Amino acid sequence: QLQASGGGLVQTGGSLRLSCAASGGTFRWYALGWFRQAPGKERESVAAISGAGGVTVYADAVKDRFTISKDSAKNTVYLQMTGLKPEDTAVYYCAAGLRFVTSPAEYGLWGQGTLVTVSS
């Protein structure tokens, strides 16, 4: 299971750190991703980190503002978000998959989502 937390209300330019704790097994070798879905929009990839090598990939919209990282010992993946903008408002989901890709369809295990609201 994946349990996401850390969402909340923040002003434009603010920061938040999302956490996603995995339980029930080790996710050391899984690709882990953060996705978001805004009202009326499709779920989109925000960032992903590979299982073994720690390689990361980011959506252009968040590059240089968001950082994905993981602590394998704690079975937790993080998303540090800085320079938040109103367009970052969405429900953020973490997910685990067997392949290091950005397509949501490739991720089989999902957390419940945490809401991030950025006020202007």
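Let me start with R36 and D88, both of which are buried in this predicted model. Their side chains meet in a salt bridge, with 2.9 Å from N to O. R36 lies in strand 4, residues 31–37, while D88 sits in the loop between strand 8, residues 76–81, and strand 9, residues 90–97, so this pair ties together parts of the chain that are 52 residues apart in sequence. As a general point, side chains of opposite charge can pair when their charged atoms come close. Here the pairing extends further, because R36 and D88 belong, along with E44 and R65, to a network of salt bridges.

How many salt bridges are there? The count comes to five, and I would like to describe two others besides the buried pair. In one of them D60 pairs with K63, where the closest N and O atoms are 3.0 Å apart. D60 counts as exposed, at 66% relative accessibility, and K63 counts as partly exposed, at 41%. In the other, R99 pairs with E106, and there the closest N and O atoms are 3.2 Å apart. R99 is partly exposed, with a relative accessible area of 49%, and E106 is likewise partly exposed, with 34%. If you have the model open, please set these two beside R36 and D88, which are both buried.

Let me now step back to the chain as a whole. What secondary structure does the chain contain? There are 11 strands and zero helices, and reading along the sequence one simply meets β after β, in the pattern β-β-β-β-β-β-β-β-β-β-β. The radius of gyration is 13 Å, which agrees with the value near 14 Å that a compact globule of 120 residues would have. Along its principal axes, the C-alpha trace spans about 40 × 25 × 25 Å. Buried residues make up 42% of the 120 residues. If we take the contacts between residues at least 6 apart in sequence, 57% of them join residues at least 24 apart.

On the surface, the chain exposes about 6,200 Å², and carbon and sulfur atoms supply 51% of that area. As for charge, the chain has 11 positive and 8 negative charges, and the mean positions of the two sets are 6 Å apart.

I turn next to the loops, beginning with the one between strand 7, residues 66–71, and strand 8, where N75 is found. Is N75 buried or exposed? With a relative accessible area of 16%, N75 is buried. Leaving aside residues up to four places away in sequence, N75 touches C20, A21, A22, G25, T26, F27 and R28. The backbone of N75 also deserves a look, since phi is near 55°, a positive value in a residue other than glycine. For context, most residues other than glycine have a negative phi.

A73 is placed in the loop between strand 7 and strand 8 too, but A73 counts as exposed, at 75% relative accessibility, whereas N75 is buried. The C-alpha atoms of A73 and L115 are separated by 26 Å, and these two residues are 42 apart along the chain.

D64 also has a positive phi, of about 75°, although D64 is not a glycine. Where is D64 placed? The loop between strand 6 and strand 7 holds D64, and with a relative accessible area of 78% this residue is exposed. We therefore have a positive phi at an exposed residue, D64, and another at a buried one, N75.

The last residue on my list is S50, which lies in the loop between strand 5, residues 44–49, and strand 6, residues 56–58. S50 is buried, with a relative accessible area of 9%. What does S50 touch, not counting residues up to four places away in sequence? The partners are Y30, A31, V55, K70 and F100.

To draw the main points together: in a chain of 11 strands and zero helices, R36 and D88 form a buried pair that takes part in a salt-bridge network with E44 and R65, and among the loop residues we looked at, N75 and S50 are buried, while A73 and D64 are exposed.

Methods. Residues are numbered from 1 along each chain as its sequence is written. This is a predicted model: local features need pLDDT of at least 70, side-chain atom pairs count only at pLDDT 80 or more; totals for chains, interfaces and linings use all residues. Side-chain values use heavy atoms; hydrogens and water are left out. A salt bridge is a side-chain nitrogen of Lys or Arg within 4 Å of a carboxyl oxygen of Asp or Glu. Helices (H or I, at least four residues) and strands (E, at least two) are DSSP runs, numbered from the N terminus. Buried means under 20% relative accessible area, exposed over 50%, partly exposed in between (1.4 Å probe, protein chains only). The radius of gyration is taken over C-alpha atoms; the globule rule is 2.2 Å times the number of residues to the power 0.38. Contact means heavy atoms within 4.5 Å. Accessible areas come from the Shrake-Rupley method with a 1.4 Å probe; for residues, only the protein chains shown count as cover. Lys and Arg count as positive and Asp and Glu as negative; His and the chain ends are not counted. The place of a charge is taken as NZ of Lys, CZ of Arg, CG of Asp or CD of Glu.
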